[in-house]
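I set out to record what could be looked up in this model, entry by entry. The topics are the annotated repeats, the nucleic acid contacts and the pocket.

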Amino acid sequence: METPVLGFELRCPHLFNISSRPSSSLSPPTVSLRIPTTAAASTVVESPATVAEAPRSKRHSNTYLTRKSAISEVERSPDFLSSLQRLERVLKVQDLNVILRDFGISGRWQDLIQLFDWMQQHGNISVSTYSSCIKFVGAKSVSKALEIYQSIPDESAKTNVYICNSILSSLVKNGKLDSCIKLFDQMKRDGLKPDVVTYNTLLGGFIKVKNGYSKAMELVGELPHNGIQMDGVMYGTVLAICASSGRCEEAESYIQQMKVEGHSPNLYHYSSLLNSYSWKGDYKKADELMTEMKSVGLEPNKVMMTTLLKVYIKGGLFERSRELLSELESAGYTENEMPYCMLMDGLSKAGKLEEAKLIFDDMKGKGVKSANLVPISESLQVRFGGQLRSNRLASLPVFLDNDFNFPFSSDGYANSIMISALCRSKRFEEANQLARDSETTYEKCDLVMLNTMLCAYCRAGEMESVMRMMKKMDEQAVSPDYNTFHILIKYFIKEKLHLLAYQTLLDMHSKGHRLEEELCSSLIYHLGKIRAHSEAFSVYSMLRYSKRTICKELHEKILHTLIQGKLLKDAYVVVKDNAKMISQPTLKRFGRAFMMSGNINLVNDVLKVLHGSGHKIDQVQFEIAISRYIAQADKKELLLQLLQWMPGQGYVVDSSTRNLILKNSNLFGRQLIAEILSKHHVRPLVKSRSQPKFRCK
DNA sequence: CTAGGGTTAG
């Protein structure tokens with residue numbers, strides 16, 4: 001039922017604007033010829049208020065039919081806005097909602113937005129309008145859905161459960177689960193009373209995220225607290241979550257539980273359970289499941305059979321897979337590439353490239369189409385890019401960024417799989433050739449396809465093609481992902497374009513992608529070799545501060561590079577933070593290097609850090625340090641500090657150093673020097689810290 | 001006759 005929660009009825013044009021046009025200008029309904037023109041016209045001229053309060057059955061029925069025909073007239077009209085203008089007084093807000101949904105279902109995005117605008121301007125709008133509009137728009141773009149949400153003038157409607165469910169669903173569909181949960185909490189604070197659909201919307205977000213199962217279980221756990229019972233759909237979602245994390249036992253127990261509660265499993269439930277068997281390729285259980293399902297009168301559909309195919313492939317039953325694929329073909333379920341792709345991929349991963357290629361060729365011969373997504377209408381961007389944003393956006397919660405999701409048509413799954421398969425078998429020339437073919441065949445490629453081709457070109461060493469692909473991605477405004485960066489950096493290293501690799505890594509880091517240690521490590525090595533020491537250090541630092549632990553050889557490796565590049569202050573930082581993970585010879589090398597040419601003001605600090613880490617400082621280091629101090633008389637204080645520090649830690653100066661100091665003692669005050677050196681007389685036994693006299697048991 | 005949620009995918 002339509003509730004006038006928004007308080008628009010007062011502004012409703014029906015009440016004030018009824019006879020702005022003569023009724024004679026109204027066109028007759030074009031659809032339902034059974035309704036006489038006059039009847040339609042007279043209904044229109046009557047105040048809808050009268051209609052609403054006097055539902056005499058005949059007239060009501062007439063009105064209903066009139067409205068129905070008006071709905072389809074608007075839907076079919078080539079210029080629906082003018083039809084809308086004409087039929088304004090016939091159509092109720094719920095009729096407009098029906099039209100809106102029809103536009104949404106048939107992908108008429110521009111019309112949907114125009115109608116929504118029109119309804120807003122005419123104050124003929126309801127909760128359902130917002131809910132539906134957000135649903136359709138939000139499937140494509142979170143930010144646009146949020147703009148609509150923010151534009152709702154009635155505060156109480158913002159916590160309407162249907163509207164909230166729509167907006168939460170938009171966030172989930174666009175992979176913004178964290179934002180979704182935050183917004184959900186916010187909405188609850190603002191008065192939302194979540195229902196079973198709300199919870200299920202959130203749960204839906206856990207289907208394809210890692211650790212989704214345990215997070216989902218937390219949410220399921222709070223259902224009783226909110227007095228919500230799981231329904232059939234929610235069991236479907238929960239089973240999908242189990243399946244997507246390979247938890248077949250949990251899935252089985254949920255099926256059991258739902259049966260106990262009196263729900264009979266349908267195809268959704270069975271296909272998720274089946275999918276949970278695909279992880280281990282448990283075809284035995286899968287067959288049993290199919291038998292049970294048929295015994296309760298359910299016919300396997302396309303999804304079911306495709307999922308079964310997946311189980312057989314995972315289980316390595318390629319002969320049965322091929323048979324099942326034929327069954328899919330005769331059932332008409334192979335109008336797109338997907339099932340062929342699954343089999344090809346499975347075969348190639350099992351090392352059966354030739355058999356995979358046979359499937360590929362067979363599929364190509366049959367002229368199978370690839371699955372295309374409908375691209376977002378440009379008008380939608382234009383419309384919302386303009387006036388609607390502005391002041392409203394400023395009030396959006398900060399955690400919700402306005403990201404777009406552009407679904408591009410995704411041609412060429414099969415080619416992409418085949419290219420990967422060829423690369424896997426190191427047949428780079430063939431992969432290269434197929435990538436070129438794909439480029440000419442498919443106008444637009446999605447990111448995975450682009451990455452696959454890029455990879456093939458890189459492996460084949462086709463620099464020009466690599467550059468062409470990068471340009472293409474740029475032109476198609478496809479932003480590179482982790483894989484893209486990874487492929488490129490590896491390739492640049494291989495081609496000895498180390499600085500380019502470095503630049504690309506910086507780019508990757510700035511885009512927020514995690515850095516892989518092995519790749520960084522290799523780059524650090526090569527940058528060191530070409531004496532790009534500070535670049536090497538910046539790679540190390542990026543890795544160091546984005547990861548909790550890194551392999552200890554890396555500290556060692558960077559230290560050698562820094563010493564070689566005389567970046568001793570950086571080296572000191574590395575030693576200070578990781579001394580315990582660095583080998584003694586490397587510490588020694590660092591110590592000597594620092595004594596020789598490190599910042600003289602830090603010499604004592606460095607010695608203390610080295611010593612504090614358990615490193616035994618050798619005489620050479622002291623000797624170099626002390627000669628530097630002597631050569632620089634203004635560092636007198638530092639020398640005295642060092643000499644005073646040494647005996648307490650079990651170090652004494654050797655005789656040549658001692659002589660050097662005495663020779664220059666006039667610079668420091670003979671008396672003081674003699675006093676300090678007297679403590680260096682007795683060379684204590686090197687019973688080091690690691691060998692305490694008394695061991696505790 | 002009236003909004004919002006669940007199945008296969010490189």
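**Entry 1: repeats.** I looked up the UniProt record, an unreviewed entry, which places the feature "repeat: PPR" at residues 160–194, 195–230, 231–265, 266–300, 336–370 and 446–480. The model in which I examined these spans is predicted. For residues 160–194 I found 74% helix and 0% strand, with the end C-alpha atoms 9 Å apart. For residues 231–265 I noted 74% helix and 0% strand as well, and here the end C-alpha atoms lie 11 Å apart.

**Entry 2: DNA strand B.** I then listed the residues within 4 Å of DNA strand B and obtained 49, of which Lys-135, Asp-195, Asp-231, Ser-271 and Lys-310 are the closest. By class, this surface comprises 18 nonpolar, 21 polar and 10 charged residues. On the strand side, 39% of the atoms within 4 Å of the protein belong to sugar or phosphate, and the rest belong to bases.

**Entry 3: individual contacts.** I checked which groups of DNA strand B are approached by polar atoms. The side chain of Lys-173 has an N or O atom 3.3 Å from a phosphate oxygen. Two base nitrogens were also noted: a polar backbone atom of Gly-232 lies 3.4 Å from a base nitrogen, and a polar side-chain atom of Asn-266 lies 3.5 Å from a base nitrogen.

**Entry 4: largest pocket.** I recorded about 770 Å³ of space in the largest pocket. Its lining has 25 residues, with Ala-240, Ser-271, Ser-272, Asn-275 and Val-303 closest to the centre. Helices H14 (232–244), H16 (267–278), H18 (302–314) and H20 (338–349) each supply at least two lining residues; H14 gives the most, with seven. I counted 10 nonpolar, 12 polar and three charged residues in this lining. Ser-271 appears both among the residues closest to DNA strand B and among those closest to the pocket centre.

Notes. Residues numbered from 1 in each chain as written. Chains lettered and ligands numbered in written order. Predicted model: local features only at pLDDT ≥ 70, side-chain atom pairs only at ≥ 80, totals over all residues. Heavy atoms only, no water. 1 Å grid on protein atoms, 1.4 Å probe; cavity = no way out; pocket = protein on both sides within 12 Å on 5 of 7 lines; lining within 4 Å. Points joined across faces, edges and corners; volume = space filled by probe spheres on them. Helix = DSSP H or I, 4+ residues; strand = E, 2+ residues; numbered from the N terminus. Nonpolar A, V, L, I, M, F, W, Y, C, P; charged D, E, K, R; others polar. UniProt positions renumbered as here; feature names shortened; annotations may be inferred. Polar contact = N/O pair within 3.5 Å; in protein donor to acceptor, adjacent residues only side chain to side chain.
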